[in-house]
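Please look through the structure shown here, and then follow the explanation below, which takes up the ligand and afterwards a pair of helices.

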Amino acid sequence: MQILLIHGPNLSQLGVRDPAVYGTATLDDVVEAARSEARAAGADLEHVQTEHEGDAITRLHAARTDGTDAVIVNAGAWTHYSYALRDALELLSVPKVELHLSNIHAREAFRATSVIAPACDGSIAGFGRGGYPLAVRAALALAAERPT
Ligand code: DQA
């Protein structure tokens, strides 16, 4: 199984960015939490973080044909307004898990709307670093259920 984990803008700043909301784990820390869960399940995890929406979209297009079995996406603020990212996710037939460190439903009103949620199989939000292994397990379970 091959999992693609994508992080959007400002998530490179984890560790220093608003630790009361996002915790003190760095981007490397959360990626490692996901990767070790994947490894324990015998899966591979590729990670991409980008501040550029087009780069994320281009990577998702490639995932259609490069052997990716599931996608986990923490789209940062794109979550709340990027119809382009949503369209790119809709192009993919593999399982897609939306992931957030914070509980987006318990914060500012604009964060309660996710325009990418309808293009994903499910969402995990509010568990901080602990959400990453959960997302890997969800992605692998959904991928295993898919007809081959
Ligand atoms: C986030 C939540 C978003 O609202 C925010 O813009 C982020 C991080 C999260 O992981 O909690 O950048 O996706």
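**The ligand and its surroundings**

In this predicted model, a polar side-chain atom of Ser102 lies 2.6 Å from an oxygen atom of the ligand, a polar contact being a pair of N or O atoms within 3.5 Å. Asn74 also places a polar side-chain atom 2.8 Å from an oxygen atom of the ligand, and an N or O atom in the side chain of Arg111 is 2.9 Å from a ligand oxygen atom. The protein covers 99% of the 330 Å² of accessible area that the ligand has on its own, as computed by the Shrake-Rupley method with a 1.4 Å probe. There are 13 residues around the ligand, and of these Asn74, His80, His100, Leu101 and Ser102 come nearest, where a residue counts as near if one of its heavy atoms lies within 4 Å.

Residues are numbered from 1 along each chain as its sequence is written. Because the model is predicted, local features need pLDDT of at least 70 and side-chain atom pairs count only at pLDDT 80 or more, while totals for chains, interfaces and linings use all residues; side-chain values use heavy atoms, leaving out hydrogens and water.

**Two helices in contact**

Helix α3 (residues 53–62) and helix α4 (residues 83–90), which are DSSP runs of H or I with at least four residues, numbered from the N terminus, have axes that come within 9 Å and cross at roughly 10 degrees; the axes are lines fitted to C-alpha atoms over the stretch in contact, with angles from 0 to 180 degrees between N-to-C directions. That makes α3 roughly parallel to α4, a term for angles under 35 degrees. Glu53, Ala56, Ile57, Leu60 and His61 of α3 meet Ala84, Leu85, Ala88 and Leu89 of α4, contact meaning heavy atoms within 4.5 Å.

Notes: Parallel < 35°, antiparallel > 145°, perpendicular 65-115°, else oblique. Polar contact = N/O pair within 3.5 Å; in protein donor to acceptor, adjacent residues only side chain to side chain.
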